[in-house]
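Hello,

Here is the structure I said I would pass on. Please open it first, then read my notes below.

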Amino acid sequence: AFARPAVFLQGAAKIEQLPEPDLPEVAFAGRSNVGKSSLINALTGQKGLARASNEPGRTREVNFFLVDERIRLVDLPGYGWAKASKVETRKFQNLGRDYLRGRVNLKRVYLLIDARHGVKAPDIEALDALDLAAVSYQIVLTKADKIGPQERQRVAEATLKAVSKRPAAFPRLVLTSSEKGFGIPELRAEVLLACET
Ligand code: GTP
Ligand code: MG
């Protein structure tokens, strides 16, 4: 894991509650249930750090975790969850969007895509918004333990192709399983690198 244990710093339910932008941040975005909170737990090696759940819509605030006393990992509410009440969903999705648009210390967004499903319509909207705001992002394929090696290869290639012409997309993706631990050391190294610049 990282050199020191990660700690939960704070949640923000409103844009005014964000911490000062005085440390480098990387944020985890993606559809509800794609595995954002689980990935933060896997990266830090601390299972109960971020609250993960099989019930979509678990994360409703922007949650900040301090890593190595110098980097913040940011767990965002998911998007594209059809069953949530409209008003409620819009509230926390707007919060996520406002965070992503205006954050000067945001080094990179990790946009998580379920390896079983690939890029879906709500993901395209998120990609468009990130490109428009010129926020640098890298794709992470999640739950790769749920598919076989050939399927992994196929989805990875298709996903890279889907983002290859996008201006703010990073040219590599990471295939991960928070459950089995694969891709996690690689992603951790990418996070550290992103925060050095
Ligand atoms: P929201 O907070 O609702 O936006 O969801 P989230 O993206 O934070 O997803 P979360 O981490 O809560 O995980 C959703 C479900 O997927 C949980 O039941 C996790 O145990 C499961 N899950 C997450 N990552 C993996 C993985 O790599 N492999 C498998 N098999 N299951 C996973
Ligand atoms: Mg979550």
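**Strands, helix and ligands**

In β7, Leu175 is the bridge partner of Leu141. That contact belongs to a parallel pairing of β6 (residues 137-142) with β7, made over two bridges. Keep in mind that this is a predicted model.

Helix α5 (residues 184-196) packs on the sheet. It touches β2 (25-30), β4 (71-75), β5 (106-114), β6 and β7. The direction of α5 makes about 155 degrees with that of β5.

Now the sheet as a whole. Seven strands form it, and it is open. The order is β1-β3-β4-β2-β5-β6-β7, with mixed pairing. The edges are β1 (7-12) and β7 (174-175). Each has a single partner strand, so one side of each is left without a neighbour in the sheet.

Next, β2. How many of its six residues are buried? Six of the six are, so β2 is largely enclosed by the rest of the structure. Both faces are covered. Glu25, Ala27 and Ala29 are buried on one side, and Val26, Phe28 and Gly30 on the other. This fits a general pattern: in a regular strand the side chains alternate between the two faces of the sheet.

β2 also has two parallel pairings to look at. With β4 it pairs over four bridges, and Glu25 has Arg72 as its bridge partner there. With β5 it pairs over six bridges, and Ala29 stands opposite Leu111.

On to the magnesium ion (ligand 2). Which protein atoms are its donors? They are OG of Ser37 and OG1 of Thr59, at 2.0 to 2.2 Å from the ion. Ser37 lies in helix α1 (residues 36-44), while Thr59 is in the loop between α1 and β3 (62-67). The pair therefore ties together parts that are 22 residues apart in sequence. Ser37 is buried, at 8% relative accessible area. Thr59 also counts as buried, at 9% relative accessibility. The cut-off for buried is under 20%. Water is not among the atoms, so the site may look incomplete.

Last, ligand 1. There are 22 residues around it. Lys36, Ser38, Gly57, Asp145 and Ser178 come nearest. Three polar distances may help your setup:

- A nitrogen atom of ligand 1 is 2.7 Å from a side-chain N or O atom of Asp145.
- An oxygen atom of ligand 1 is 2.8 Å from a polar backbone atom of Ser178.
- An oxygen atom of ligand 1 is 3.3 Å from a polar backbone atom of Gly78.

Best wishes

Notes: Residues are numbered from 1 along each chain as its sequence is written. Chains are lettered from A and ligands numbered from 1 in the order in which they are written. This is a predicted model: local features need pLDDT of at least 70, side-chain atom pairs count only at pLDDT 80 or more; totals for chains, interfaces and linings use all residues. Side-chain values use heavy atoms; hydrogens and water are left out. Donors are N, O and S atoms within 2.8 Å of the metal (3.2 Å for Na, K and Ca); water is not among the atoms, so sites may look incomplete. Buried means under 20% relative accessible area, exposed over 50%, partly exposed in between (1.4 Å probe, protein chains only). Two strands pair if DSSP finds at least two bridges between them. Contact means heavy atoms within 4.5 Å. Axes are lines fitted to C-alpha atoms, for helices over the stretch in contact, and angles run from 0 to 180 degrees between N-to-C directions. A residue is near a molecule or strand if one of its heavy atoms lies within 4 Å of it. A polar contact is a pair of N or O atoms within 3.5 Å; within protein, one must be able to donate a hydrogen and the other to accept it, and residues adjacent in sequence count only if both atoms are side-chain atoms.
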